[in-house]
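Here is a short briefing on charged pairs and helix packing, written for someone at the bench. Have a look at the model first, then read on.

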Amino acid sequence: MSTGDHPMTTARRLGPGGANRQGAGIIPAMETVAIVDFGSQYSQLIARRVRENRVFSVVCGPQVRPADLAGLDIRGLIFSGGPASVYEPGAPTCDPALLDMGVPVLGICYGMQLACRMLGADVHGAPAKEYGRTPLTVLDRADHLLAHVPERTSVWNSHGDQVMSLPAEFAPLARTPNCPIAAVRHRTRPVYGVQFHPEVTHTPCGGQILRNFLYDICGCGGRWEMGNFIHETVKSIRRRVGPDERVICGLSGGVDSSVTAALLHEAIGERLVCIFVDNGLLRKNEVHLVESTFRDHFRIDLRIADAGARFLERLAGVTDPQEKRRRIGHEFIEVFKAQASAVPNARYLAQGTLYPDVIESGHGLAGKAANIKLHHNVGGLPAELGFELIEPLRDLFKDEVRVAGQHLGLPEEILWRHPFPGPGLAVRIVGEVTAARVRLLQDVDEIVIEEIRAAGWYRKIAQAFAVLLPVRAVGVMGDGRSYEDQQVAAIRCVETTDFMTADWVRLDDGLLARISSRIMNEVRGINRVVYDVSSKPPSTIEWE
(Lines give C-alpha, C1' and ligand atoms only; values in the text may rest on other atoms or scores of the structure.)
Protein backbone atom coordinates (compact mmCIF):
# COMPACT_ATOMS: atom_id res chain seq x y z
CA MET A 1 0.00 0.00 0.00
CA SER A 2 2.84 2.37 -0.53
CA THR A 3 6.10 2.96 -2.21
CA GLY A 4 8.88 0.71 -1.13
CA ASP A 5 6.52 -1.42 0.87
CA HIS A 6 7.57 -4.67 2.44
CA PRO A 7 6.60 -7.88 0.70
CA MET A 8 3.76 -8.66 3.04
CA THR A 9 0.86 -7.01 1.25
CA THR A 10 0.81 -4.44 -1.23
CA ALA A 11 3.47 -4.22 0.67
CA ARG A 12 3.27 -5.15 -2.79
CA ARG A 13 0.39 -3.03 -3.74
CA LEU A 14 0.13 -5.11 -6.86
CA GLY A 15 -1.13 -3.74 -10.10
CA PRO A 16 -0.24 -3.74 -13.78
CA GLY A 17 3.34 -4.73 -14.34
CA GLY A 18 3.74 -6.88 -11.24
CA ALA A 19 5.11 -4.15 -9.01
CA ASN A 20 3.92 -1.46 -6.70
CA ARG A 21 3.51 2.16 -7.70
CA GLN A 22 7.16 3.00 -7.25
CA GLY A 23 8.36 0.01 -9.25
CA ALA A 24 9.74 -2.14 -6.43
CA GLY A 25 10.66 -5.62 -7.62
CA ILE A 26 8.47 -8.67 -7.10
CA ILE A 27 9.18 -10.74 -4.01
CA PRO A 28 10.73 -14.20 -4.11
CA ALA A 29 8.49 -17.25 -4.37
CA MET A 30 6.65 -18.19 -1.16
CA GLU A 31 3.27 -19.82 -0.80
CA THR A 32 0.94 -16.83 -0.97
CA VAL A 33 -2.75 -15.98 -0.78
CA ALA A 34 -3.73 -12.75 -2.52
CA ILE A 35 -6.62 -10.65 -1.23
CA VAL A 36 -8.34 -8.65 -3.96
CA ASP A 37 -9.64 -5.50 -2.27
CA PHE A 38 -12.97 -4.14 -3.50
CA GLY A 39 -13.04 -1.30 -0.99
CA SER A 40 -13.80 -3.14 2.23
CA GLN A 41 -12.72 -1.76 5.60
CA TYR A 42 -11.97 -5.41 6.41
CA SER A 43 -9.55 -6.19 3.59
CA GLN A 44 -6.45 -5.79 5.70
CA LEU A 45 -8.13 -7.71 8.50
CA ILE A 46 -8.51 -10.62 6.06
CA ALA A 47 -4.79 -10.37 5.29
CA ARG A 48 -4.08 -10.35 9.00
CA ARG A 49 -6.18 -13.46 9.58
CA VAL A 50 -4.31 -15.23 6.78
CA ARG A 51 -0.96 -14.30 8.32
CA GLU A 52 -2.15 -15.43 11.75
CA ASN A 53 -2.50 -18.85 10.13
CA ARG A 54 1.15 -18.64 9.04
CA VAL A 55 0.39 -18.10 5.36
CA PHE A 56 1.97 -15.22 3.45
CA SER A 57 -0.53 -12.68 2.08
CA VAL A 58 -0.61 -9.78 -0.34
CA VAL A 59 -3.38 -7.22 -0.84
CA CYS A 60 -4.14 -6.17 -4.41
CA GLY A 61 -6.34 -3.61 -6.08
CA PRO A 62 -9.25 -4.89 -8.23
CA GLN A 63 -7.29 -4.07 -11.38
CA VAL A 64 -4.74 -6.82 -10.69
CA ARG A 65 -4.16 -9.31 -13.51
CA PRO A 66 -2.82 -12.87 -13.43
CA ALA A 67 0.39 -11.62 -15.05
CA ASP A 68 0.94 -9.28 -12.10
CA LEU A 69 0.95 -12.27 -9.76
CA ALA A 70 3.22 -14.40 -11.93
CA GLY A 71 6.26 -13.87 -9.70
CA LEU A 72 4.43 -15.16 -6.64
CA ASP A 73 3.63 -18.71 -5.60
CA ILE A 74 -0.11 -17.99 -5.49
CA ARG A 75 -2.02 -20.76 -3.72
CA GLY A 76 -5.38 -18.98 -3.49
CA LEU A 77 -7.35 -15.77 -3.98
CA ILE A 78 -9.77 -14.08 -1.59
CA PHE A 79 -12.22 -11.53 -2.98
CA SER A 80 -13.05 -9.01 -0.25
CA GLY A 81 -16.32 -7.36 0.61
CA GLY A 82 -17.11 -3.80 -0.44
CA PRO A 83 -19.71 -1.04 -0.14
CA ALA A 84 -20.95 -1.12 -3.74
CA SER A 85 -23.61 -3.23 -5.48
CA VAL A 86 -22.17 -5.51 -8.16
CA TYR A 87 -25.01 -4.75 -10.58
CA GLU A 88 -24.59 -0.95 -10.48
CA PRO A 89 -22.69 0.88 -13.25
CA GLY A 90 -19.12 1.59 -12.20
CA ALA A 91 -19.08 -0.98 -9.40
CA PRO A 92 -15.61 -2.48 -8.81
CA THR A 93 -14.95 -5.63 -10.77
CA CYS A 94 -11.90 -7.69 -11.64
CA ASP A 95 -10.25 -9.47 -14.53
CA PRO A 96 -12.32 -12.63 -15.25
CA ALA A 97 -9.01 -14.39 -15.93
CA LEU A 98 -8.44 -14.50 -12.16
CA LEU A 99 -11.10 -17.21 -12.03
CA ASP A 100 -9.17 -19.18 -14.65
CA MET A 101 -5.84 -19.27 -12.81
CA GLY A 102 -6.59 -22.73 -11.48
CA VAL A 103 -6.16 -21.67 -7.84
CA PRO A 104 -8.99 -21.69 -5.27
CA VAL A 105 -11.05 -18.52 -4.89
CA LEU A 106 -13.01 -17.52 -1.79
CA GLY A 107 -15.48 -14.66 -2.20
CA ILE A 108 -16.59 -12.84 0.93
CA CYS A 109 -19.86 -10.82 0.87
CA TYR A 110 -19.40 -8.51 -2.17
CA GLY A 111 -16.63 -10.86 -3.32
CA MET A 112 -19.03 -13.81 -3.32
CA GLN A 113 -21.66 -11.83 -5.21
CA LEU A 114 -19.10 -10.74 -7.81
CA ALA A 115 -17.60 -14.20 -8.36
CA CYS A 116 -21.05 -15.80 -8.61
CA ARG A 117 -22.31 -13.13 -11.00
CA MET A 118 -19.25 -13.52 -13.23
CA LEU A 119 -20.09 -17.23 -13.45
CA GLY A 120 -23.77 -16.76 -14.30
CA ALA A 121 -25.58 -16.20 -10.98
CA ASP A 122 -28.29 -13.60 -10.43
CA VAL A 123 -27.54 -10.90 -7.81
CA HIS A 124 -30.09 -8.31 -6.64
CA GLY A 125 -31.11 -6.31 -3.62
CA ALA A 126 -32.19 -8.62 -0.83
CA PRO A 127 -35.85 -8.70 0.30
CA ALA A 128 -34.55 -8.28 3.85
CA LYS A 129 -31.14 -6.83 4.65
CA GLU A 130 -28.92 -8.60 7.16
CA TYR A 131 -26.75 -6.67 9.58
CA GLY A 132 -25.09 -8.05 12.69
CA ARG A 133 -25.19 -11.50 14.23
CA THR A 134 -27.34 -13.93 12.21
CA PRO A 135 -28.22 -17.65 12.65
CA LEU A 136 -26.61 -19.91 10.02
CA THR A 137 -27.66 -23.42 9.01
CA VAL A 138 -25.01 -25.51 7.26
CA LEU A 139 -26.47 -27.60 4.43
CA ASP A 140 -23.34 -29.57 3.48
CA ARG A 141 -20.88 -30.19 6.32
CA ALA A 142 -18.99 -32.70 4.18
CA ASP A 143 -17.74 -29.91 1.95
CA HIS A 144 -14.16 -28.86 2.71
CA LEU A 145 -15.05 -25.19 3.25
CA LEU A 146 -17.51 -25.84 6.08
CA ALA A 147 -15.88 -28.95 7.54
CA HIS A 148 -15.97 -29.03 11.37
CA VAL A 149 -18.48 -26.15 11.45
CA PRO A 150 -21.58 -26.89 13.58
CA GLU A 151 -24.79 -27.50 11.67
CA ARG A 152 -26.28 -24.50 13.43
CA THR A 153 -24.10 -21.55 14.37
CA SER A 154 -24.09 -17.78 14.09
CA VAL A 155 -22.25 -15.47 11.67
CA TRP A 156 -21.73 -11.74 11.24
CA ASN A 157 -23.52 -10.19 8.27
CA SER A 158 -23.46 -6.75 6.69
CA HIS A 159 -25.21 -6.79 3.32
CA GLY A 160 -28.19 -5.42 1.45
CA ASP A 161 -27.69 -7.52 -1.72
CA GLN A 162 -27.49 -11.26 -2.12
CA VAL A 163 -27.25 -14.05 -4.69
CA MET A 164 -30.88 -14.70 -5.63
CA SER A 165 -30.41 -17.73 -7.91
CA LEU A 166 -27.57 -20.01 -8.99
CA PRO A 167 -26.82 -21.81 -12.25
CA ALA A 168 -26.63 -25.60 -12.07
CA GLU A 169 -22.85 -25.47 -11.80
CA PHE A 170 -23.12 -24.13 -8.23
CA ALA A 171 -24.10 -25.95 -5.04
CA PRO A 172 -25.47 -24.07 -2.00
CA LEU A 173 -23.66 -24.88 1.25
CA ALA A 174 -25.49 -22.85 3.91
CA ARG A 175 -28.45 -20.55 4.51
CA THR A 176 -29.72 -17.97 6.99
CA PRO A 177 -33.38 -17.10 7.72
CA ASN A 178 -33.30 -14.28 5.15
CA CYS A 179 -30.62 -15.53 2.75
CA PRO A 180 -31.20 -18.98 1.20
CA ILE A 181 -27.74 -18.88 -0.44
CA ALA A 182 -25.36 -17.88 2.36
CA ALA A 183 -22.44 -20.05 1.19
CA VAL A 184 -21.68 -21.74 -2.14
CA ARG A 185 -19.17 -23.75 -4.11
CA HIS A 186 -18.77 -24.27 -7.84
CA ARG A 187 -19.07 -27.92 -8.84
CA THR A 188 -16.22 -27.92 -11.37
CA ARG A 189 -14.12 -24.86 -10.50
CA PRO A 190 -12.37 -24.26 -7.14
CA VAL A 191 -14.59 -21.23 -6.48
CA TYR A 192 -16.26 -20.76 -3.10
CA GLY A 193 -18.25 -17.97 -1.51
CA VAL A 194 -19.70 -16.88 1.84
CA GLN A 195 -22.21 -14.06 2.20
CA PHE A 196 -21.11 -13.41 5.80
CA HIS A 197 -17.75 -12.22 7.20
CA PRO A 198 -15.54 -15.04 8.55
CA GLU A 199 -12.68 -12.63 9.20
CA VAL A 200 -14.38 -10.82 12.11
CA THR A 201 -14.39 -12.20 15.65
CA HIS A 202 -18.20 -11.94 15.76
CA THR A 203 -18.32 -15.01 13.49
CA PRO A 204 -17.33 -17.77 15.96
CA CYS A 205 -16.62 -20.34 13.24
CA GLY A 206 -14.84 -17.83 10.98
CA GLY A 207 -11.36 -18.96 11.95
CA GLN A 208 -12.22 -22.58 11.16
CA ILE A 209 -13.63 -21.60 7.75
CA LEU A 210 -10.51 -19.64 6.85
CA ARG A 211 -8.27 -22.48 8.02
CA ASN A 212 -10.32 -24.90 5.92
CA PHE A 213 -9.80 -22.68 2.89
CA LEU A 214 -6.07 -22.12 3.47
CA TYR A 215 -5.05 -25.66 4.39
CA ASP A 216 -7.61 -28.09 2.99
CA ILE A 217 -8.58 -26.24 -0.18
CA CYS A 218 -5.46 -24.20 -1.07
CA GLY A 219 -3.04 -26.79 0.30
CA CYS A 220 -0.90 -24.26 2.20
CA GLY A 221 1.69 -25.59 4.63
CA GLY A 222 1.59 -22.73 7.14
CA ARG A 223 5.32 -22.00 7.14
CA TRP A 224 5.31 -18.19 7.12
CA GLU A 225 6.25 -16.23 10.26
CA MET A 226 7.42 -12.77 11.30
CA GLY A 227 11.03 -13.80 10.91
CA ASN A 228 10.30 -14.35 7.23
CA PHE A 229 8.78 -10.89 6.98
CA ILE A 230 11.89 -9.28 8.42
CA HIS A 231 14.18 -11.34 6.19
CA GLU A 232 12.24 -10.53 3.02
CA THR A 233 11.78 -6.86 3.96
CA VAL A 234 15.50 -6.43 4.55
CA LYS A 235 16.22 -8.00 1.16
CA SER A 236 13.63 -5.76 -0.51
CA ILE A 237 15.15 -2.62 1.01
CA ARG A 238 18.66 -3.67 -0.04
CA ARG A 239 17.47 -4.23 -3.60
CA ARG A 240 15.84 -0.82 -3.70
CA VAL A 241 18.45 1.40 -2.01
CA GLY A 242 21.60 1.83 -4.09
CA PRO A 243 25.08 1.34 -2.58
CA ASP A 244 25.76 5.09 -2.57
CA GLU A 245 22.30 6.18 -1.45
CA ARG A 246 21.18 7.08 2.06
CA VAL A 247 17.85 6.82 3.85
CA ILE A 248 16.55 9.32 6.38
CA CYS A 249 14.20 8.08 9.06
CA GLY A 250 12.01 10.48 10.99
CA LEU A 251 12.37 9.06 14.49
CA SER A 252 9.82 9.88 17.17
CA GLY A 253 10.78 7.41 19.88
CA GLY A 254 7.51 5.50 19.53
CA VAL A 255 7.13 1.86 18.59
CA ASP A 256 6.38 2.39 14.89
CA SER A 257 9.26 4.66 13.96
CA SER A 258 11.62 2.68 16.22
CA VAL A 259 10.87 -0.62 14.48
CA THR A 260 11.17 1.15 11.11
CA ALA A 261 14.60 2.45 12.10
CA ALA A 262 15.73 -0.96 13.33
CA LEU A 263 14.60 -2.60 10.07
CA LEU A 264 16.38 -0.01 7.96
CA HIS A 265 19.53 -0.31 10.05
CA GLU A 266 19.47 -4.08 9.63
CA ALA A 267 19.20 -3.58 5.85
CA ILE A 268 21.63 -0.75 5.10
CA GLY A 269 23.64 -0.13 8.28
CA GLU A 270 25.49 3.17 8.46
CA ARG A 271 23.70 4.53 5.39
CA LEU A 272 20.67 5.15 7.62
CA VAL A 273 20.40 8.57 9.27
CA CYS A 274 17.75 9.10 11.95
CA ILE A 275 16.50 12.62 12.63
CA PHE A 276 14.78 13.28 15.95
CA VAL A 277 13.07 16.65 16.31
CA ASP A 278 12.83 17.76 19.94
CA ASN A 279 9.87 20.11 19.70
CA GLY A 280 9.72 20.79 23.43
CA LEU A 281 6.38 18.97 23.60
CA LEU A 282 7.64 15.49 24.40
CA ARG A 283 7.19 13.12 27.31
CA LYS A 284 9.58 13.57 30.22
CA ASN A 285 13.09 12.19 29.55
CA GLU A 286 12.11 11.30 25.96
CA VAL A 287 15.33 12.58 24.41
CA HIS A 288 17.48 10.57 26.81
CA LEU A 289 15.59 7.34 26.03
CA VAL A 290 15.95 7.84 22.27
CA GLU A 291 19.66 8.65 22.56
CA SER A 292 20.46 5.67 24.76
CA THR A 293 18.54 3.27 22.53
CA PHE A 294 19.54 4.31 19.04
CA ARG A 295 22.86 6.08 19.41
CA ASP A 296 24.35 4.04 22.25
CA HIS A 297 22.76 0.59 21.73
CA PHE A 298 22.21 0.32 17.95
CA ARG A 299 25.03 2.70 17.00
CA ILE A 300 22.76 4.47 14.54
CA ASP A 301 23.68 7.88 13.11
CA LEU A 302 21.19 9.90 15.20
CA ARG A 303 20.83 13.64 14.75
CA ILE A 304 18.78 15.57 17.31
CA ALA A 305 17.33 18.97 16.48
CA ASP A 306 16.80 20.98 19.68
CA ALA A 307 13.91 23.16 18.57
CA GLY A 308 11.70 23.40 21.66
CA ALA A 309 11.90 27.17 22.03
CA ARG A 310 11.07 27.62 18.37
CA PHE A 311 7.90 25.51 18.59
CA LEU A 312 6.68 27.15 21.79
CA GLU A 313 7.13 30.57 20.25
CA ARG A 314 4.96 29.54 17.30
CA LEU A 315 2.26 28.27 19.68
CA ALA A 316 2.07 31.40 21.83
CA GLY A 317 -1.54 32.51 22.26
CA VAL A 318 -2.97 29.67 20.13
CA THR A 319 -5.88 27.69 21.60
CA ASP A 320 -7.58 26.14 18.56
CA PRO A 321 -6.42 22.49 18.25
CA GLN A 322 -6.38 22.45 14.47
CA GLU A 323 -4.30 25.63 14.39
CA LYS A 324 -1.91 24.02 16.88
CA ARG A 325 -1.56 21.01 14.60
CA ARG A 326 -1.06 23.23 11.55
CA ARG A 327 1.67 25.30 13.17
CA ILE A 328 3.45 22.32 14.66
CA GLY A 329 3.30 20.49 11.33
CA HIS A 330 4.66 23.50 9.44
CA GLU A 331 7.45 24.05 11.95
CA PHE A 332 8.34 20.36 11.97
CA ILE A 333 8.74 20.38 8.20
CA GLU A 334 11.02 23.42 8.32
CA VAL A 335 13.20 21.92 11.05
CA PHE A 336 13.29 18.55 9.34
CA LYS A 337 14.20 20.11 5.99
CA ALA A 338 17.14 21.90 7.54
CA GLN A 339 18.41 18.70 9.12
CA ALA A 340 17.83 16.61 6.00
CA SER A 341 19.67 19.07 3.76
CA ALA A 342 22.84 18.30 5.68
CA VAL A 343 22.69 14.58 4.74
CA PRO A 344 24.47 13.93 1.41
CA ASN A 345 23.05 11.40 -1.08
CA ALA A 346 19.77 11.12 0.83
CA ARG A 347 17.15 9.83 -1.61
CA TYR A 348 14.63 8.08 0.63
CA LEU A 349 12.52 8.99 3.62
CA ALA A 350 11.43 6.15 5.91
CA GLN A 351 8.26 6.48 7.97
CA GLY A 352 6.50 4.26 10.50
CA THR A 353 3.05 4.43 8.90
CA LEU A 354 0.70 1.63 10.03
CA TYR A 355 -2.46 0.30 8.42
CA PRO A 356 -4.94 2.06 10.77
CA ASP A 357 -3.34 5.36 9.68
CA VAL A 358 -3.95 4.42 6.06
CA ILE A 359 -7.60 3.43 6.24
CA GLU A 360 -8.53 6.33 8.56
CA SER A 361 -7.07 8.62 5.91
CA GLY A 362 -9.25 7.17 3.14
CA HIS A 363 -6.38 5.52 1.28
CA GLY A 364 -8.00 2.11 0.76
CA LEU A 365 -6.65 0.27 -2.27
CA ALA A 366 -9.95 0.48 -4.11
CA GLY A 367 -10.42 4.10 -3.12
CA LYS A 368 -13.56 3.36 -1.12
CA ALA A 369 -12.49 3.65 2.52
CA ALA A 370 -14.14 6.50 4.37
CA ASN A 371 -11.93 9.47 5.22
CA ILE A 372 -12.19 9.66 9.00
CA LYS A 373 -9.26 11.98 9.69
CA LEU A 374 -5.93 13.02 8.23
CA HIS A 375 -2.66 11.69 9.58
CA HIS A 376 0.56 13.62 9.27
CA ASN A 377 2.55 10.54 8.25
CA VAL A 378 0.26 9.32 5.46
CA GLY A 379 1.53 10.73 2.22
CA GLY A 380 4.81 11.82 3.74
CA LEU A 381 6.49 15.15 3.91
CA PRO A 382 5.87 17.60 1.05
CA ALA A 383 6.96 16.60 -2.40
CA GLU A 384 9.39 19.52 -2.60
CA LEU A 385 11.72 17.63 -0.27
CA GLY A 386 12.33 15.32 -3.20
CA PHE A 387 12.34 12.06 -1.21
CA GLU A 388 10.89 8.72 -2.20
CA LEU A 389 8.99 7.09 0.64
CA ILE A 390 9.85 3.81 2.30
CA GLU A 391 7.09 2.63 4.65
CA PRO A 392 7.89 -0.98 5.53
CA LEU A 393 5.17 -1.29 8.21
CA ARG A 394 2.33 0.26 6.24
CA ASP A 395 0.26 -2.92 6.13
CA LEU A 396 0.78 -4.05 9.72
CA PHE A 397 -1.26 -3.66 12.86
CA LYS A 398 0.30 -2.53 16.13
CA ASP A 399 0.59 -5.99 17.66
CA GLU A 400 2.39 -7.28 14.54
CA VAL A 401 4.82 -4.37 14.71
CA ARG A 402 5.70 -5.29 18.29
CA VAL A 403 6.41 -8.87 17.24
CA ALA A 404 8.72 -7.55 14.53
CA GLY A 405 10.44 -5.34 17.11
CA GLN A 406 11.06 -8.34 19.35
CA HIS A 407 12.78 -10.14 16.46
CA LEU A 408 14.93 -7.05 15.86
CA GLY A 409 16.06 -6.82 19.48
CA LEU A 410 14.37 -3.58 20.52
CA PRO A 411 14.23 -3.10 24.31
CA GLU A 412 10.92 -3.69 26.10
CA GLU A 413 10.78 -0.06 27.21
CA ILE A 414 10.56 1.06 23.58
CA LEU A 415 8.61 -1.90 22.27
CA TRP A 416 5.67 -1.60 24.66
CA ARG A 417 5.47 2.17 24.85
CA HIS A 418 2.00 3.56 24.51
CA PRO A 419 1.33 5.62 21.36
CA PHE A 420 2.12 9.32 21.45
CA PRO A 421 0.53 11.91 19.13
CA GLY A 422 2.63 13.60 16.45
CA PRO A 423 1.92 17.12 17.83
CA GLY A 424 2.97 15.86 21.26
CA LEU A 425 1.66 17.37 24.47
CA ALA A 426 0.25 20.34 22.57
CA VAL A 427 -2.93 18.35 21.89
CA ARG A 428 -3.06 17.14 25.48
CA ILE A 429 -2.90 20.68 26.81
CA VAL A 430 -6.37 22.06 26.19
CA GLY A 431 -5.99 25.78 25.65
CA GLU A 432 -2.78 27.75 25.30
CA VAL A 433 0.53 25.89 25.32
CA THR A 434 3.27 27.45 27.44
CA ALA A 435 6.57 26.13 28.77
CA ALA A 436 5.15 26.11 32.31
CA ARG A 437 2.05 24.12 31.27
CA VAL A 438 4.21 21.63 29.36
CA ARG A 439 6.37 21.01 32.45
CA LEU A 440 3.24 20.66 34.56
CA LEU A 441 1.73 18.04 32.25
CA GLN A 442 5.03 16.17 31.95
CA ASP A 443 5.14 15.78 35.74
CA VAL A 444 1.50 14.64 35.90
CA ASP A 445 1.94 12.19 33.03
CA GLU A 446 5.06 10.69 34.61
CA ILE A 447 3.14 9.90 37.79
CA VAL A 448 0.29 8.29 35.84
CA ILE A 449 2.66 5.98 33.97
CA GLU A 450 4.74 5.16 37.07
CA GLU A 451 1.68 4.10 39.07
CA ILE A 452 0.16 2.11 36.21
CA ARG A 453 3.45 0.26 35.74
CA ALA A 454 3.81 -0.42 39.45
CA ALA A 455 0.30 -1.86 39.61
CA GLY A 456 0.94 -4.19 36.65
CA TRP A 457 -1.55 -2.44 34.39
CA TYR A 458 0.75 -0.95 31.74
CA ARG A 459 0.74 -3.90 29.33
CA LYS A 460 -3.02 -4.36 29.80
CA ILE A 461 -3.75 -0.81 28.65
CA ALA A 462 -3.39 0.25 25.03
CA GLN A 463 -2.89 3.93 25.83
CA ALA A 464 -2.75 5.88 29.09
CA PHE A 465 -2.01 9.56 29.50
CA ALA A 466 -2.92 12.79 31.24
CA VAL A 467 -4.63 15.87 29.82
CA LEU A 468 -4.30 19.39 31.21
CA LEU A 469 -7.62 21.23 31.16
CA PRO A 470 -8.12 25.02 30.92
CA VAL A 471 -10.31 24.88 34.02
CA ARG A 472 -9.59 26.33 37.41
CA ALA A 473 -11.19 24.61 40.39
CA VAL A 474 -11.54 25.84 43.94
CA GLY A 475 -9.61 23.76 46.44
CA VAL A 476 -8.17 23.86 49.94
CA MET A 477 -4.42 23.58 50.38
CA GLY A 478 -2.63 24.26 53.65
CA ASP A 479 -5.78 25.56 55.37
CA GLY A 480 -6.17 28.12 52.63
CA ARG A 481 -8.32 28.52 49.56
CA SER A 482 -6.59 27.64 46.25
CA TYR A 483 -7.92 28.80 42.90
CA GLU A 484 -5.94 31.29 40.82
CA ASP A 485 -2.89 29.12 40.14
CA GLN A 486 -4.62 25.71 40.25
CA GLN A 487 -5.66 23.60 37.27
CA VAL A 488 -7.50 20.34 36.57
CA ALA A 489 -5.86 17.18 35.20
CA ALA A 490 -7.85 14.47 33.39
CA ILE A 491 -6.62 10.89 33.18
CA ARG A 492 -7.41 8.85 30.05
CA CYS A 493 -6.86 5.06 29.81
CA VAL A 494 -8.25 3.00 26.92
CA GLU A 495 -8.22 -0.60 25.77
CA THR A 496 -8.21 -1.45 22.06
CA THR A 497 -6.61 -3.84 19.59
CA ASP A 498 -6.64 -1.69 16.47
CA PHE A 499 -7.14 1.92 17.75
CA MET A 500 -10.14 2.29 15.45
CA THR A 501 -12.53 1.62 18.31
CA ALA A 502 -11.67 1.85 22.00
CA ASP A 503 -13.24 1.54 25.43
CA TRP A 504 -12.21 3.18 28.69
CA VAL A 505 -10.34 1.00 31.17
CA ARG A 506 -11.96 0.07 34.47
CA LEU A 507 -8.99 0.74 36.76
CA ASP A 508 -9.43 -0.33 40.35
CA ASP A 509 -10.33 2.37 42.87
CA GLY A 510 -7.13 1.97 44.86
CA LEU A 511 -4.96 2.68 41.82
CA LEU A 512 -7.01 5.73 40.87
CA ALA A 513 -6.74 6.98 44.45
CA ARG A 514 -2.94 6.61 44.45
CA ILE A 515 -2.62 8.41 41.12
CA SER A 516 -4.82 11.27 42.28
CA SER A 517 -3.11 11.59 45.65
CA ARG A 518 0.39 11.67 44.18
CA ILE A 519 -0.52 14.23 41.54
CA MET A 520 -2.08 16.65 44.01
CA ASN A 521 0.68 16.17 46.57
CA GLU A 522 3.67 16.25 44.22
CA VAL A 523 2.67 18.53 41.34
CA ARG A 524 2.29 22.13 42.38
CA GLY A 525 -0.50 23.67 40.33
CA ILE A 526 -2.99 20.75 40.23
CA ASN A 527 -5.78 20.60 42.82
CA ARG A 528 -8.29 18.34 41.08
CA VAL A 529 -8.01 15.08 39.10
CA VAL A 530 -10.81 13.55 36.98
CA TYR A 531 -11.05 10.23 35.09
CA ASP A 532 -12.35 10.05 31.49
CA VAL A 533 -15.00 7.33 31.06
CA SER A 534 -15.89 7.88 27.37
CA SER A 535 -15.39 5.38 24.53
CA LYS A 536 -14.44 5.72 20.86
CA PRO A 537 -16.81 6.28 19.17
CA PRO A 538 -18.35 8.74 19.86
CA SER A 539 -15.24 10.24 21.49
CA THR A 540 -11.76 10.05 20.04
CA ILE A 541 -8.87 8.66 22.07
CA GLU A 542 -7.05 12.01 22.24
CA TRP A 543 -8.93 15.04 23.52
CA GLU A 544 -7.91 17.35 20.67
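Glutamate 31 is buried, at 7% relative accessibility (buried means under 20% relative accessible area, exposed over 50%, and partly exposed in between, with a 1.4 Å probe and protein chains only). Please keep in mind that this is a predicted model, where local features need pLDDT of at least 70, side-chain atom pairs count only at pLDDT 80 or more, and totals for chains, interfaces and linings use all residues. Residues are numbered from 1 along each chain as its sequence is written, and side-chain values use heavy atoms, leaving out hydrogens and water.

**Salt bridges between separate elements**

- The whole structure holds 38 salt bridges, each being a side-chain nitrogen of Lys or Arg within 4 Å of a carboxyl oxygen of Asp or Glu.
- Glutamate 31 pairs with arginine 223, with 3.3 Å between the closest N and O atoms.
- Because glutamate 31 sits in strand 1 (residues 31-36) and arginine 223 in the loop between helix 3 (206-217) and helix 4 (226-240), this pair ties together parts 192 residues apart in sequence.
- Helices (H or I, at least four residues) and strands (E, at least two) are DSSP runs, numbered from the N terminus.
- Arginine 223 is exposed, with a relative accessible area of 57%.
- Glutamate 331 and arginine 310 form a salt bridge at 2.3 Å, N to O.
- That pair links helix 8 (residues 321-340), home of glutamate 331, to helix 7 (residues 308-315), home of arginine 310, across 21 residues.
- Glutamate 331 is buried at 7%, while arginine 310 is partly exposed at 38%.

**A network that includes helix 13**

- Arginine 518 and glutamate 522 form a salt bridge, their closest N and O atoms lying 2.8 Å apart.
- The two are separated by about one helical turn because they are four residues apart in helix 13 (residues 509-522).
- Arginine 518 is partly exposed at 21%, and glutamate 522 is partly exposed at 48%.
- Both belong to a salt-bridge network with Glu450, Glu451 and Arg514.

**Helix 5 against helix 10**

- Helix 5 (residues 255-268) packs on helix 10 (residues 398-408) at about 40 degrees, with the axes 10 Å apart; axes are lines fitted to C-alpha atoms, for helices over the stretch in contact, and angles run from 0 to 180 degrees between N-to-C directions.
- Helix 5 is therefore oblique to helix 10, since angles under 35 degrees count as roughly parallel, over 145 as roughly antiparallel, 65 to 115 as roughly perpendicular and the rest as oblique.
- Among the contacting residues (heavy atoms within 4.5 Å) are Val259 and Leu263 in helix 5, and Val401 and Leu408 in helix 10.
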